[in-house]
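Subject: Structure for you to look at

Dear colleague,

Here is the structure I promised to pass on to you. Please open it beside this message, and read the notes below with the model in view.

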Amino acid sequence: MPILYLIPTPLATPDTPCLLPQESAQIAHLSDFVVEAEKTARACLRHLGIRTPVRELKLRTLNEHTPTDSLPELLQPLYEGRDLGLVSEAGCPAVADPGADLVALAHAKGFEVRPLVGPSSILLALMASGANGQCFAFKGYLPADPQGRATRLKQLQQRSRQENETQLFIETPYRNQALLSDAVALLDDNTLLCIATDLTTPQQTIISQPVRQWRKMTELPNLKKRPTLFVIHSPNRGKV
């Protein structure tokens, strides 16, 4: 039975090691891949131990614009008896990633799905935040408009307080600064706010502290054009 391999890719530069040796060995024979962006994928595959020459790789694209009725075609190598690799733009495929629907279809058609161990910015940020790791939720992108963003921040804080649930979210890098400024201005003093920026790179920055401490900073970190995970966890009222 052919296998759909879920292949994590580096969060930093393409040559950053991200797979265990035994996992690289599992995928060395692959020549068929479903990728989010061909240019990025080719750069990563060169460093993941793939033995197939780059010019012989068969790449099919799956991104947020791919119509649902095109998914069966992407699984064609499996129907023909060849293993297939699913590669994200960065991090783990099918987690905050358009690959989830393809994985669901592979299961529905009876193919084996095999995830490989690799970096997840969501889990790395949660691990480093000191927030509740027993109950958490990833919320994706917040609204782009200031009013919508402010409302959503308050909603997530309330959800965290009611359910003791850590909330994680992201933003387009050029709006990171506005999101951080709003979070510091709008969230309650005791709410834990963590930023995890440029994870796994030499420039990695992780700051996790109550909002009251953020407000004491003379200058907020510069997050412009820097990939960042935001984490908030709000204790019950009266608790610090």
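The C-alpha centres of domain 1 and domain 2 lie 30 Å apart in this model, which is a predicted one. In the domain assignment of the protein, domain 1 covers 3–115 and domain 2 covers 121–233. Where the two meet, four residues of domain 1 are in contact with seven residues of domain 2, and the domains bury about 380 Å² between them, with 81% of that area on carbon and sulfur atoms. On the side of domain 1, Leu-11, Ala-12 and Ala-96 lose the most area to domain 2, and together they make up 83% of what that side buries.

What about charged and polar pairs? Across the interface of domain 1 and domain 2 there are zero salt bridges by the rule used, and the count of residue pairs in polar contact between the domains, with both residues at pLDDT 80 or more, is also zero.

Please look next at the sheet, an open one in which five strands follow the order β6-β7-β10-β8-β9 with mixed pairing. Because β6 (136–141) and β9 (205–210) stand at the edges with a single partner strand each, one side of each is left without a neighbour in the sheet. From one strand to the next, the twist averages 15°. Strand β8, residues 192–197, pairs with β9 in the antiparallel sense over six bridges, and Leu-192 stands opposite Pro-210 in β9. Helix α6 (residues 121–129) lies across β6, β7, β8, β9 and β10, and runs at about 45° to β10.

Best wishes

Key
Residues numbered from 1 in each chain as written. Predicted model: local features only at pLDDT ≥ 70, side-chain atom pairs only at ≥ 80, totals over all residues. Heavy atoms only, no water. Pairing = 2+ DSSP bridges. Helix = DSSP H or I, 4+ residues; strand = E, 2+ residues; numbered from the N terminus. Axes fitted to C-alpha atoms, helices over the stretch in contact; angles between N-to-C directions. Contact = heavy atoms within 4.5 Å. Domains from an automatic or database assignment. Buried area = accessible area lost by both parts, 1.4 Å probe. Salt bridge = Lys/Arg side-chain N within 4 Å of Asp/Glu carboxyl O. Polar contact = N/O pair within 3.5 Å; in protein donor to acceptor, adjacent residues only side chain to side chain.
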